[in-house]
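Thanks for coming, everyone. I have one structure to walk you through, and I will keep it quick. Have a look at it first.

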Amino acid sequence: MKYLLLLIFLVTNLLSYKQEDLEKYLATKSCEECDLSMANLSNKNLENSNLTGSNLTGVNFENSNLLKSNLWGTTLENANLNNANLRASNLEASILINVQCDNTILKGANLSNATLENLSCKNLSLWATRFLDTTFDNVDFSKAGAAYSVFDGVNFNDLKIEEAIFWNAKISNSTLSKQKCDYLEKEEAILYENNCEEH
Amino acid sequence: MRILSLLILSLSFLFSSSIDFEDSLSQAKEEAIKNNKPLMIMYSTSTCPECNYMKKKVFKNDEIVSYVNKNFISVIMDINEDKKELPYSFIGIPTFYFSNATQMNLIKKSIGGMREKEFLNLLKSVKE
């Protein structure tokens with residue numbers, strides 16, 4: 001029994017944040033290459049944060065303000081971004097897997113070279129968001145607001161875009177089904193040098 | 001030929017539909033009281049993509065133009081330039097406020113950009 005408790009304690013510690021990293025971040029809003037996994041950072045004003053290269057696995061950012069933050073190269077696996085404001089934030093080369101993203105604001109954010117996997121977001125704000133060489137695997141952007149967004153070098157095959165607003169979005173050097181190309185043209189997106197495949 | 005082209009261009013501008021936005025909140029309030037119509041106030045900035053989608057796409061829809069001009073007195077307020085005159089607090093832009101001009105009582109508030117159909121439904125819900 002004693003060993004079991006010790007094992008649980010060790011496993012829990014291994015999977016959660018470093019206390020000193022959390023304290024540093026909360027005090028300065030800056031923590032590069034930190035381990036904040038499983039931290040509860042919900043309902044906080046974290047504007048202009050610097051979390052470059054940090055492990056944010058399982059972090060709860062629900063209802064938090066991360067406006068103009070730097071999340072370059074972060075791992076956001078199983079994170080909760082519901083109602084989080086990431087407007088004009090840098091999420092370049094970040095990894096977003098199984099992230100909760102209802103009502104998340106990514107307006108003007110940079111998701112270039114990011115990896116997005118298993119995301120299904122309701123009421124997602126992607127106005128003027130940048131996706132250059134971003135990888136999508138089982139991602140649902142249906143009904144999102146994505147006018148003025150930029151997609152370059154993207155494969156749309158695993159990305160759902162039904163009823164999303166793409167007015168004046170720029171889509172280039174990307175691979176899409178003919179159906180998606182037609183939809184984007186109807187939406188008055190600007191398409192050039194794409195591969196519109198017939199299925 | 002040049003004169004004819006100029007004339008066609010001028011006429012197309014003259015008859016192109018657009019929402020009649022007042023220049024300022026005070027002017028809008030005055031007009032709203034005079035015409036017994038509610039106010040439609042939009043909080044915006046020139047760099048906000050959602051606001052520009054509304055201004056350049058949704059506000060060009062003939063049905064919306066006609067409905068807004070018939071039923072509301074409208075004004076766009078820049079959250080930076082008109083900072084001191086903003087009648088309501090806000091958490092994001094665009095925000096649409098529909099209010100009574102005499103007391104500035106809020107009838108309805110809506111945040112975010114939306115498609116033409118949704119915006120028209122919002123306008124109609126204010127008038128109901």
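Let's begin with the nonpolar core. This is a predicted model, and its largest nonpolar core holds 85 residues. Which of them touch the most other members? They are Phe141(A), Ala146(A), Ala147(A), Phe166(A), Ala169(A) and Leu39(B). Which element gives this core its largest share? That is strand 2 of chain B, residues 39-44, with five residues.

Let's zoom in on Ala147(A). Leave aside residues up to four places away in sequence. Then Ala147(A) touches Trp127(A), Ile165(A), Phe166(A), Trp167(A), Asn168(A) and Ala169(A). Ala147(A) also touches two residues of chain B, Pro49(B) and Tyr53(B).

That brings us to where the chains meet. Eight residues of chain A are in contact with six residues of chain B. What is the chain A side made of, by class? Six of its residues are nonpolar, one is polar and one is charged.

Now chain A as a whole. It has three helices and 10 strands. Along the sequence, the pattern reads α-α-β-β-β-β-β-β-β-β-α-β-β. The radius of gyration of chain A is 18 Å, and the globule rule gives 16 Å for 199 residues. Those two values are close, so chain A is as compact as a globular protein of that length. Along the principal axes, the C-alpha atoms of chain A fill a box of roughly 65 × 35 × 25 Å. Of the 199 residues in chain A, 46% count as buried.

Next, the sheet. Strands of a sheet pair through backbone hydrogen bonds, either parallel or antiparallel. Which is it here, parallel or antiparallel? In chain A, an open sheet of four strands shows parallel pairing, in the order 1-2-4-6. Look at its edges. Strand 1 (95-97) and strand 6 (159-160) of chain A each have a single partner strand, so one side of each has no neighbour in the sheet.

Let's step through the pairs. Strand 1 of chain A pairs with strand 2 of chain A, residues 115-120, over three bridges. In that pair, Ile95(A) stands opposite Thr115(A), and Leu96(A) stands opposite Leu116(A). Move on to strands 2 and 4 of chain A. Strand 4 covers residues 135-140, and this parallel pair has five bridges. Here, Leu119(A) has Val139(A) in strand 4 of chain A as its bridge partner.

Last stop: helix 3 of chain A, residues 178-186. Which of its residues are buried? Lys180(A), Cys181(A) and Leu184(A) are. These residues cover an arc of only 100° around the axis, which puts them on the same side of helix 3 of chain A. Now turn the helix around. On the other side, Lys178(A), Gln179(A), Asp182(A) and Lys186(A) are exposed.

What covers the buried residues of helix 3 of chain A? The cover includes four strands of chain A: strand 7 (170-172), strand 8 (175-177), strand 9 (190-192) and strand 10 (195-197). One more detail follows the helix. After helix 3 of chain A comes Glu188(A), with a positive phi near 65°.

That's my tour. Over to you for questions.

Key: Residues numbered from 1 in each chain as written. Chains lettered and ligands numbered in written order. Predicted model: local features only at pLDDT ≥ 70, side-chain atom pairs only at ≥ 80, totals over all residues. Contact = placed C-beta atoms within 7 Å. Nonpolar A, V, L, I, M, F, W, Y, C, P; charged D, E, K, R; others polar. Helix = DSSP H or I, 4+ residues; strand = E, 2+ residues; numbered from the N terminus. Rg over C-alpha atoms; globule rule 2.2 N^0.38 Å. Buried ≥ 20, exposed ≤ 12 C-beta atoms within 10 Å, placed from the backbone. Pairing = 2+ DSSP bridges. Arc of directions from axis to C-beta. Core = buried A, V, L, I, M, F, W, Y, C linked by C-beta atoms within 7 Å.
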